[in-house]
Amino acid sequence: MERIEQHASHGGSQQVWKHVSPTLGCEMRFGLYLPEAALRGQACPVLYWLSGLTCTEQNFITKAGAQEYAARHGLIVVAPDTSPRGAQVADDAAYDLGQGAGFYVNAAQQPWAAHYRMYDYVVEELPALIEATFPATDRRAISGHSMGGHGALVIALRNPGRYRSVSAFSPIVAPSQVPWGQKAFSAYLGDDRQAWGQYDTVALVEHAAERLPLRIDQGEGDEFLQSQLQPQRLQAACDAVGHPLQLNMRPGYDHSYYFISSFIGEHIAHHAQALRG
């Protein structure tokens, strides 16, 4: 690995690292915030953040204002890129497919299957790398925004016991039933709708082996609310099986990082309580 950025922030250090990923078959980057305790060598719990369509590791670390709250609660925050990258990696001209739009799945269709294995990267490779290299405990939480909110919820539901908490901003909760998800799943996974279900939060809630509470913040002024996000589908699915869900509808807020930065402190405090408990 190579550290390519380092900035003092709220008593800790905001860094960016690059490494060659065997899972994805390319070079990857991730943002890493180390609070002061971690810089002293004290092992700290880790919050993983998954970003949305078109994002890299930079969007969250420069726009969310998370460092202040991570420092306050003594959390390491890891923010990976949203997809494999490089000239050898398949891509598409559209913003919602290919590089920048990995959807946190393991692709089964060519040309995507060679590199697009973001699910395995986030669940297995990246935590193993973080815990082996930095003063990180195996107490993990996961969060994300939009496509990344979808990824965070799916990963938490499919891996009972691996995460102490999960939250999301404006997540795509039913990708099998909205245009963004249908386009991506058709390309990455093919026409088998059963395969789609393993990456669909609404489908997964019905048979979830762990009742890990889901926390979601959604802006009522979000331009994608009705067409792509549809949180009412998840509310109905959770109500049907008694899965705990805290859905906070926020009047006036849109899909942007202005929204995320307004409530990221609450989310980090939520995760800190679970990670320290």
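Two residues are in contact when their heavy atoms lie within 4.5 Å. Keep that in mind for this tour of a predicted model.

**Stop 1: the whole chain**

Show the chain as a cartoon. Eleven helices and nine strands make it up. Its radius of gyration is 17 Å, close to the 19 Å that the globule rule gives for 277 residues, so the chain is as compact as a globular protein of that length. Along the principal axes, the C-alpha atoms fill a box of roughly 50 × 40 × 35 Å.

Now think about contacts. Take those between residues at least 6 apart in sequence: 71% of them join residues at least 24 apart. Burial comes next. Of the 277 residues in the chain, 58% are buried.

**Stop 2: the nonpolar cores**

Select Phe-30, Phe-103, Ile-130, Ile-142 and Tyr-188. Within the largest nonpolar core, which has 70 residues, these five touch the most other members. Then colour helix H4, residues 118-133. Helix H4 gives this core eight residues, the largest share.

Another core lies apart from it, with 22 residues. To find this second core, select Trp-49, Ala-79, Phe-259 and Ala-272, which are among its members.

Go back to Tyr-188. What is Tyr-188 in contact with, leaving aside its neighbours within four places in sequence? The partners include Leu-97, Gly-98, Ala-101, Gly-102 and Phe-103. Also among them are Trp-112 and Tyr-116.

**Stop 3: the cavity**

Look inside. The structure holds one cavity of 30 Å³ or more. The largest cavity has about 60 Å³ of space. Strand E3 (26-34), helix H2 (58-63), helix H3 (66-73) and strand E5 (76-80) each give two or more residues to its lining. Select some of the lining residues, including Gln-14, Tyr-33, Phe-60, Gln-67 and Val-78. How many of the lining residues are nonpolar, polar and charged? Eight are nonpolar, three are polar and none is charged.

**Stop 4: the pocket**

Move to the largest pocket. About 180 Å³ of space lies there. Its lining has 13 residues. Select Leu-53, His-145, Ser-146, Phe-224 and His-255, which lie nearest the pocket's centre. The lining divides into five nonpolar, six polar and two charged residues.

**Stop 5: Pro-171**

Keep Ser-146 on screen and add Pro-171. The two residues touch. Pro-171 sits in the loop between strand E7 (165-169) and helix H6 (179-189). Is Pro-171 buried or exposed? Its relative accessible area is 3%, so Pro-171 is buried; the cut-off for buried is under 20%.

Add more of what Pro-171 touches beyond four places in sequence: Gly-149, His-150, Leu-153, Ile-216, Gln-218 and Leu-229 are among these residues. Then select Leu-225. Pro-171 and Leu-225 are 54 residues apart in sequence, and their C-alpha atoms are 9.6 Å apart in space.

**Stop 6: Arg-140**

Finish at strand E6, residues 136-144, where Arg-140 is found. With a relative accessible area of 10%, Arg-140 is buried. Which residues is Arg-140 in contact with, leaving aside neighbours within four places in sequence? Select Val-46, Tyr-48, Pro-127 and Glu-131, which are among them. Add Arg-162, Tyr-163, Arg-164 and Ser-165, also in contact with Arg-140. Last comes Leu-275, another contact of Arg-140.

Note on methods. Residues numbered from 1 in each chain as written. Predicted model: local features only at pLDDT ≥ 70, side-chain atom pairs only at ≥ 80, totals over all residues. Heavy atoms only, no water. 1 Å grid on protein atoms, 1.4 Å probe; cavity = no way out; pocket = protein on both sides within 12 Å on 5 of 7 lines; lining within 4 Å. Points joined across faces, edges and corners; volume = space filled by probe spheres on them. Nonpolar A, V, L, I, M, F, W, Y, C, P; charged D, E, K, R; others polar. Helix = DSSP H or I, 4+ residues; strand = E, 2+ residues; numbered from the N terminus. Core = buried A, V, L, I, M, F, W, Y, C linked by side-chain atoms within 4.5 Å. Buried < 20%, exposed > 50% of the residue type's maximum accessible area, 1.4 Å probe, protein only. Rg over C-alpha atoms; globule rule 2.2 N^0.38 Å.
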